[in-house]
Amino acid sequence: MGRYVVRRLLQMVPVFIGTTFLIFVMVYALGDPVAAMFGDRTPDPATAAQIRESLHLNDPLWSQYLQYMAGIFQGDFGTAFNGRPVIELMGDAFPNTIQLTLVAFVIELVVGVALGVVAGMRRGRLIDTGVLVLTLFVISIPTFVTGYLLQYFVGVKWGALPPSVSTEVRFEELILPGIVLAGVSLAYVARLTRTSIAENIRSDYIRTATAKGLPRRRVISVHLLRNSLIPVVTFLGTDIGGLMAGAIVTERIFNLQGVGYQLYQGILRQNAPTVVGFVTVLVVVFLAANLLVDLLYAVLDPRIRYA
Amino acid sequence: MRGARSATWVAGAIAIALGVTACGGSGDSGGSEAGVVRSAWGDPQNPLEPANTTEVQGGKVLDMIFQNLKKYDPKTGAAQNDAAESIETKDQQTFTIKVKKGLTFSNGEPLTANSFVDAWNYGALATNQQKNSYFFADIEGFDKVAPAKGKPTAKTLSGLKVVDDHTFTVKLTQKMSTWPVRLGYKAFAPLPKKFFTDHKGYLDKPIGNGPYAVDSYQKGTQMKLVPNKKYRGDDKPQNKGVLLKVYTDSNTAYSDLQAGNIDVLDSLPAEQIKNAKTDLQGNYVSQPAGINQTITFPLDKGAWSKPGMEKVRKGISMAIDRKQITEKIYNGTRTPATDLTSPVLGAANGYSKDICGDACTYNPTEAKKLIKDGGGLPGGKMTISYNADKDSHKEWVDAICNSVNKVLGDDKACVGNPVGTFGDFRSQITKGEMTSAFRAGWQMDYPQIENFLTPLYATGASSNDSHWSNKKFDDLLKQAASEPDTKKATKLYQDAEKLVFDDMVAIPLFYQNGVAGWSQNVSNVSLDAFSVPVYTQIKVKS
């Protein structure tokens, strides 16, 4: 197990370097960011030259990348074009996004698994069809549609929940964006759980457990659910990264100033340090989540061993 | 046993989620204080330094916290003395500026001639990387503090001289009678000593001499402004403060406006314009702003620079049904253009309703004839380049191409040419890589016709994107600049504008409107010449 973890950690190094270099090249390939800073106006040549120099834009790309990476390992993610250090932006953004991700994750886990179990246990019945149709709906409607609709009806028309997130980021303000963000993944979780449950419910060990006279509750929660959750855990694990990075639309709609918001602004203003910095952190999140998922397999299914 | 453990996991996760989110649960919303105007805001693109703020969101704050030498009347756009006691000149080149006595910054520091001179020197020096530095380019010595090549050889502008505590003189590189008009622009704001001694502290909580003072500033989130007790000017706030809340999406801000969470929104989402009047029960205004949209051509080389092509350009201009585009695409939030300035200037500052005349009026038959007379489109084709990343230019570009194609009876004569990013679009223009038409827009810095002509059409000017050059035009600008009588100067500028139309250097399309909506909670909301709400005049209902 220990050796496996070390091997995986070592594998992460080239992946990390590769992804960050790619994103670095892609962001800088967008063209000269200095021209965009001045609006419809041609920049004053002296000022533009000074800005270019201070951003190392005159150096070759590989040298810019090395300087940037050297900075990162000293905890310096560069400075955004509005003069704030990117690390400070991260300090503001990540807590907000993590809160939203947790809310969405809990909704997704609880509701998704519950729906999946119910549907899988009663396969082919009305409730199963109901869940399938419902999830199909959720999957096919884009996030921004559900987002604006919920915001308008729940937030503005009925006034049941706040339509946007205030600066304090209170819990009740996160419910709506949480539901919207969880929506699509929730549908996948429900469907994965349903298929898995429906398959395993006919397996030998369930019959044995039932024959042993175990209470139905225990058969389902311990024997059935635990064995059916492996594909779901895979999905959920990778989804954490997805939730954090994919909240761009949701964060915009509900005005939550998190990672998605900073990325969106960074891209819009061609602000390379912000974009590369945030993506770098997200890459680490993805890698860690993947490793965690693989380790969780062993916990869920003792037959899986890592050496 | 194992089942119990996994159950604790889930329970633990939920508990953590609730616990983390509950952390922010306490504390007040910060906006429900009586008498405070809650307004939507966008995160400023640059640090809040006057000479470094080029866009309207940062400008909004600077307008509130600074009292400049001049101010622009919110209704007429006319420039009046504000912090200046007098601005005098004998030769239209050296100006003597007297600052009113007894004015102070909100931290108690007295406002002196040095507050201005130091600020301007800071703004001009290239190593400070201030994006508005070109505003000081007309002052003598700018080529020393910001040389086009190499390092600055001086730290201060030689044209600025402090005479006494409240008087200083400005020497320009050439005559320019309308120069004082621009002194209401934020780049010319005075700065307190703290700006130079504790720069970071200053940016965390900017200090000014205007009607409002910054009470608290959470960067990227919100700013609270309260009336500045030390302010002695005429624009005393009629409310107890302004809370600016950052929104990334104007649709969300609009939802919050309807839900009563904010009071003023000055960037209504385009798709809501149609319903805004009824949604907001009439609390809605749409008026022309100091922003215009044109299409222009590369005129220094290539097919479009050949003689006769001005007829083709005129023909294209007449092929455009401006009225239909402004109504169909923009629901009346654009106004068809009749000149190269903007209606916010008023006739006094150079706006004209008929200077473009027939050339800007839709007339398909005449258009077709003109294009044919001029030799037709080069190679039978033209493209209109635009940046595709923001401001949705695609719709109007396609509509214009459609009009041109209809007139010529050729589906493929004109096509839009999207360029991925704004930065790329701008660098293609500055590097002279454009071969056919491209969009150009201008947002005024100060309400004066000069600002719509000199930077855009003078030979070698900073934003002369078409690289057009006309000696007669340049001479007229010079003549106008040295004309002491503003009325006569304006007339001369208009004569110069006519020359631009003779060559149809740029085809005026429409003026952008400023739009704003407000809640039932406030009244007396209006927009100034820069389409920024006049915050000092907003009254909050109790």
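The following exercises, each with a worked solution, concern a predicted model of two protein chains, A and B.

Residues are numbered from 1 along each chain as its sequence is written, and chains are lettered from A in the order in which they are written. Local features need pLDDT of at least 70 and side-chain atom pairs count only at pLDDT 80 or more, while totals for chains, interfaces and linings use all residues; side-chain values use heavy atoms, with hydrogens and water left out.

**Exercise 1. Describe the overall build of chain A.**

Step 1. Chain A has 14 helices and zero strands, where helices (H or I, at least four residues) and strands (E, at least two) are DSSP runs numbered from the N terminus.

Step 2. The C-alpha atoms of chain A fill a box of roughly 85 × 55 × 30 Å along the principal axes.

Step 3. Of the 307 residues in chain A, 50% are buried, that is, under 20% relative accessible area with a 1.4 Å probe, protein chains only.

Step 4. A contact means heavy atoms within 4.5 Å. Among contacts in chain A between residues at least 6 apart in sequence, 74% join residues at least 24 apart.

**Exercise 2. Characterise the interface between the two domains of chain A.**

Step 1. Begin with the bounds, which come from an automatic or database domain assignment. In chain A, domain 1 spans 2-72 and domain 2 spans 90-300; their C-alpha centres lie 32 Å apart.

Step 2. Next, consider the extent of the interface. In chain A, 19 residues of domain 1 are in contact with 16 residues of domain 2. The buried area (the accessible area, with a 1.4 Å probe, that two parts lose on being put together, summed over both) is about 1500 Å² between these domains, and carbon and sulfur atoms give 78% of it. On the side of domain 1 of chain A, Arg8(A), Met12(A) and Tyr68(A) lose the most area to domain 2, together 29% of what that side buries.

Step 3. Then examine the polar features. A salt bridge is a side-chain nitrogen of Lys or Arg within 4 Å of a carboxyl oxygen of Asp or Glu. The rule finds one salt bridge between domain 1 and domain 2 of chain A: Arg8(A) pairs with Asp294(A), the closest N and O atoms being 2.4 Å apart.

Step 4. Finally, assign the contacting residues to elements. The elements giving two or more residues to the domain 1 side are α1 (2-28), α2 (33-37) and α4 (61-73) of chain A. The largest share, 13 residues, comes from α1(A).

**Exercise 3. Characterise the interface of domains 1 and 3 in chain B.**

Step 1. The domain assignment of chain B gives domain 1 (2-65 + 204-285 + 514-540), domain 2 (70-199) and domain 3 (289-513). The C-alpha centres of domain 1 and domain 3 of chain B lie 36 Å apart. Eight residues of domain 1 and eleven residues of domain 3 take part in the contact.

Step 2. About 700 Å² is buried between domain 1 and domain 3 of chain B, with 62% given by carbon and sulfur atoms. Gly514(B), Ala529(B) and Phe530(B) supply 56% of the area that domain 1 buries against domain 3, more than any other three residues.

Step 3. Across this interface of chain B the rule finds zero salt bridges.

**Exercise 4. Determine how helix α14 of chain B is covered.**

Step 1. Helix α14 (residues 449-457) of chain B has eight of its nine residues buried. Among them are Phe452(B), Leu453(B) and Tyr457(B).

Step 2. The cover over the buried residues of α14(B) includes β12 (284-296), β16 (437-443), α15 (471-481), α16 (486-503) and β17 of chain B.

**Exercise 5. Describe the interface between chains B and A.**

Step 1. Contact joins 67 residues of chain B and 57 residues of chain A. The area buried between the chains is about 5200 Å², of which carbon and sulfur atoms give 55%.

Step 2. One salt bridge is found between chain B and chain A. Arg252(A) forms a salt bridge with Asp249(B), with the closest N and O atoms 3.8 Å apart.

Step 3. On the side of chain B that touches chain A, the elements giving two or more residues are α1 (2-23), α7 (250-258), α13 (422-430) and β16 of chain B. The largest share of that side, eleven residues, comes from α1(B).
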